[in-house]
Amino acid sequence: MDSFVRSLSVNPQPTVLLFAVRRDVHSLGLRDGSSSLSALPARHAVFTPGLAHIQRWQHGNSYLLTTDDDILENEGQLLINGAPEFELPNFQQIDPADLHYILISNFSQIFALPYLINERNFHGKIFATAPTVQLARDVFQDMSAYLTTYSTSLKAEKWKVKEVNQMLPPVLQSTRLHLWKSLCSMEAFETALKRIEIINFRQTVPLENSLVITAYSSGFAMGSCNWSIQSPEEKICYLADSSTLSTHVSPIDYDDIKNADVMIVSALNMDPARTLNDSLDKISKTVLDTVKDGGNVLIPFSRVDLLIDLLEYLYLYMDQLPTNIPINVVSSSARSMLFLSQVFSEWLTKDYRDKAYLPEEPFIHGEMLRNSRLQIYPSVDGKFSESFKSPCIVFCSHYSLRFGPGVHLMSQWKSSQKNSVIFTDPEFHFEEVLAPYRPFAMRVSYCPMDTRLTPSQLSKVIAMTEPKSLVIHDRYLTPFDLSQDPAEQIVRCHSSTKILPYRENVDIPIPVRYRWIDTIAGTAFLASIPMSEVAPSNGDSGKDENKAPPTIEPGKVLVGRIYGNLRALDNQYIIEPPTGITKAPLEPAHKFPPLSFSRPDAWKLARYLKREGFTDVLHEGGNGDTTDTGSAKLVSIEAGFTITITDGRTEVTTANPTRELRTKLKRVLEMVRLPEEPVVVGVQLENPNVFDVLPAPEGFMDVEQPGGSGKDLAGEMKALK
């Protein structure tokens with residue numbers, strides 16, 4: 001299968017997609033999963049005494065008691081007593097050496113990058129915009145700084161042991177425990193960032209095999225982008241996290257994703273009933289009611305673009321707030337993140353971009369900082385503690401409340417019903433986030449601010465852009481919440497658009513056409529190639545090796561073989577004379593490097609597999625001959641692989657894809673593929689420097705062989721032309 005899409009994630013969001021075009025494998029983002037809400041918040045006894053009530057889980061099974069303090073319990077909710085961990089994509093399904101390119105669409109897709117390229121054999125290229133890289137650096141630095149300073153050094157591992165895990169409640173049972181990893185170091189993350197090549201919107205970047213990639217604004221976050229992958233024949237677009245809302249970031253670019261042959265979609269808003277305006281109204285009401293009652297407001301965040309929008313929105317209600325109510329942002333990277341909007345002003349919408357060149361603040365938070373209505377602190381200790389005033393409004397990280405300054409503030413404020421906590425991120429359900437903090441008296445507001453496209457909005461985008469094929473997760477094709485309107489939860493498109501649903505670890509073939517590539521060759525080299533005119537009448541199609549090449553005249557149809565070197569340079573393919581060969585060889589063409597391959601001989605493949613040590617290989621179905629139009633299957637139970645051979649396709653599936661197994665199978669397949677003779681048909685045009693290369697018609701080998709049948713090929717040549 002040369003062109004396909006494969007998802008490495010169970011959940012459609014976040015998701016990691018592998019995308020192959022003509023055997024060049026690309027990764028569309030490397031977003032890690034959410035941090036585990038089953039983990040106990042990272043804490044320090046000095047700062048979070050409110051969590052000291054959580055007790056060790058009491059269980060009747062004596063074997064489980066040997067897990068020491070790995071598992072704690074709070075009001076029926078089990079929690080893992082260890083450092084927070086993150087679920088990675090299933091990288092074991094791919095060999096990084098086969099991955100040619102990684103396309104990063106926004107900052108949230110970078111965090112899994114170190115686990116792929118720093119520890120494994122990755123030699124490809126990575127592309128992202130400058131704001132995307134800087135935002136990822138700031139967010140990661142904020143997480144790393146807190147975990148390094150306050151997090152416990154305890155690593156809970158015993159609960160992951162299979163025998164122990166099977167006896168735990170379903171909430172802690174998982175078949176993907178091997179994918180959970182602790183946060184890497186800041187040094188490892190910086191090493192990964194240095195591998196990224198920075199690109200701009202609408203900048204075209206040439207790749208191998210005549211492919212060109214271009215990034216276009218997705219409207220989701222500063223520097224976030226969708227991708228166009230084009231060849232001379234087809235156009236493939238990837239729609240990542242995208243938004244049609246009018247915010248401060250550059251709006252989504254529709255024009256350049258129109259009329260795609262294939263559109264790949266991921267990461268939609270899964271709760272379309274909750275609109276952004278409803279959430280903003282609820283946030284403003286909660287803030288006003290809380291501070292008027294003398295309480296504090298806690299708003300965990302992680303996306304700086306939403307923080308900027310919230311500050312802009314709250315500014316509209318400043319006249320309703322007492323002037324002495326402080327608004328604080330507590331994060332080690334908050335100052336850098338807020339000022340990114342001024343450093344990268346060219347990535348903003350036009351109104352904000354124009355303000356950046358005027359002697360005034362383009363954003364309200366700049367004016368609020370200058371007037372001391374907004375204060376920024378790196379942590380909860382130090383100046384924040386010294387200058388703390390109540391009531392107040394505090395934005396802090398992390399939105400999971402498993403690490404970051406929010407852990408301390410939540411444990412301090414939870415006992416007062418005057419205080420409020422507002423959850424704005426749609427990734428986590430607030431009930432799960434609050435599990436370690438029960439019992440609590442503070443008010444809770446769930447106001448998700450998901451700016452991504454809803455299924456109904458995507459349907460409108462599809463109608464506007466008119467892709468021929470749509471590759472989308474199957475979960476978006478059926479209602480996912482029966483309590484809401486089904487029409488708002490399903491992606492719909494015109495009947496002319498073919499829908500190709502994908503799911504985890506299933507290769508979905510995509511309709512990519514194959515055509516002959518344009519080549520460049522010198523006139524002198526082409527004139528030296530032994531060519532024969534295709535004549536419909538005399539039947540004399542034999543070749544006289546001593547006869548000089550025929551005179552090339554405009555419109556004349558000639559046929560022959562090309563022996564030479566094909567050089568690829570800057571997406572141009574140049575045919576050059578073979579090194580050290582001045583005359584077309586008389587030896588069979590398969591002695592020279594072939595340009596194409598036929599499907600492998602199944603019987604021969606089985607023999608080579610047994611030579612490599614796969615002695616239990618069984619051959620099922622088909623007679624194994626390369627001319628057989630049926631299929632053949634080779635199975636090794638011990639090694640756990642199956643090779644299926646059909647016309648035009650050789651598929652290898654493995655149960656345990658180790659690097660050693662991949663290397664052996666790749667070596668065997670390269671050994672048994674049978675070369676086809678590189679045969680072409682040439683047509684000389686009026687311009688002596690132009691030579692069209694066409695596929696050889698059926699029966700061409702009869703013309704080439706001495707004493708052949710001399711078939712009439714003139715009609716076939718005209719049909720090809």
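How many bridges join strand β17 to β20, and in which direction do the two strands run? In this predicted model, four bridges join β17 (residues 297-300) to β20, and the two strands run parallel. Within this pairing, Val297 stands opposite Ile393 of β20. Strand β18 (residues 327-330) is likewise joined to β20 by four bridges, again in parallel, and here Asn328 has Val394 of β20 as its bridge partner.

These pairings belong to an open sheet of six strands, in which the order is β19-β18-β20-β17-β21-β22 and the pairing is parallel. Strands β19 (374-377) and β22 (443-446) form the edges and have a single partner strand each, so that one side of each remains without a neighbour in the sheet. On average, neighbouring strands of the sheet are turned by 20 degrees against each other when direction is ignored. Towards the β22 edge, strand β21 (residues 420-423) is connected to β22 by four bridges, the two running parallel, and Ile422 stands opposite Ser445 in β22.

Strand β20 (residues 393-396) is covered on both faces, with Ile393 and Phe395 buried on one side and Val394 and Cys396 buried on the other. This division can be set beside the general rule that side chains in a regular strand alternate between the two faces of the sheet. The loops on either side of β20 each contain a cis peptide bond: one leads from Ser390 to Pro391, with omega near 5 degrees, and Pro391 lies in the loop between α10 (383-386) and β20. The other joins Ser397 and His398, with omega of about 0 degrees, and His398 is placed in the loop between β20 and α11 (405-413). In general, most peptide bonds are trans, and most residues other than glycine have a negative phi.

Positive phi values were also found. Arg202, although not a glycine, has a positive phi of about 65 degrees; this residue is situated in the loop between β11 (196-199) and β12 (204-206). With a relative accessible area of 48%, Arg202 is classed as partly exposed, since the exposed class begins only over 50%. Ala267, another residue other than glycine, has a positive phi near 60 degrees and is found in the loop between β16 and α5. In contrast to the partly exposed Arg202, Ala267 is buried, its relative accessible area being 2%.

The packing of the helices was examined next. Helix α5 (residues 276-292) packs with helix α6 (residues 304-315) at an angle of about 60 degrees, and their axes are 11 Å apart. This angle makes α5 oblique to α6, because the roughly perpendicular class covers 65 to 115 degrees. The crossing of these two helices is right-handed. On the α5 side, the contact is formed by Leu280, Asp281, Ile283, Ser284 and Val287, which meet Leu310, Tyr313 and Leu314 in α6. By class, this contact has six nonpolar residues, one polar residue and one charged residue. The spacing of such positions can be read against the general geometry of an α-helix, which has 3.6 residues a turn, so that residues three or four places apart point the same way.

Helix α6 also packs with helix α7 (residues 334-343), the axes coming within 10 Å and crossing at roughly 80 degrees. The two helices are therefore roughly perpendicular to each other. In this contact, Val304, Leu307, Ile308 and Leu311 of α6 meet Met337, Leu338 and Ser341 of α7, and the residues involved divide into six nonpolar, one polar and no charged.

Helix α13 (residues 455-465) has Pro455, Ser456, Leu458, Ser459, Val461, Ile462 and Thr465 among its buried residues. The buried residues of α13 pack against the strands β15 (235-239), β16 (262-265) and β23 (469-473). Helix α13 is followed by Glu466, which has a positive phi near 55 degrees.

For the protein chain as a whole, the secondary structure amounts to 18 helices and 36 strands. Of its 721 residues, 51% count as buried. Among contacts with a separation of 6 or more, residues 24 or more positions apart account for 71%.

Note on methods. Residues numbered from 1 in each chain as written. Predicted model: local features only at pLDDT ≥ 70, side-chain atom pairs only at ≥ 80, totals over all residues. Heavy atoms only, no water. Axes fitted to C-alpha atoms, helices over the stretch in contact; angles between N-to-C directions. Parallel < 35°, antiparallel > 145°, perpendicular 65-115°, else oblique. Left-handed = near helix turned anticlockwise from the far one by under 90°. Contact = heavy atoms within 4.5 Å. Nonpolar A, V, L, I, M, F, W, Y, C, P; charged D, E, K, R; others polar. Pairing = 2+ DSSP bridges. Buried < 20%, exposed > 50% of the residue type's maximum accessible area, 1.4 Å probe, protein only.
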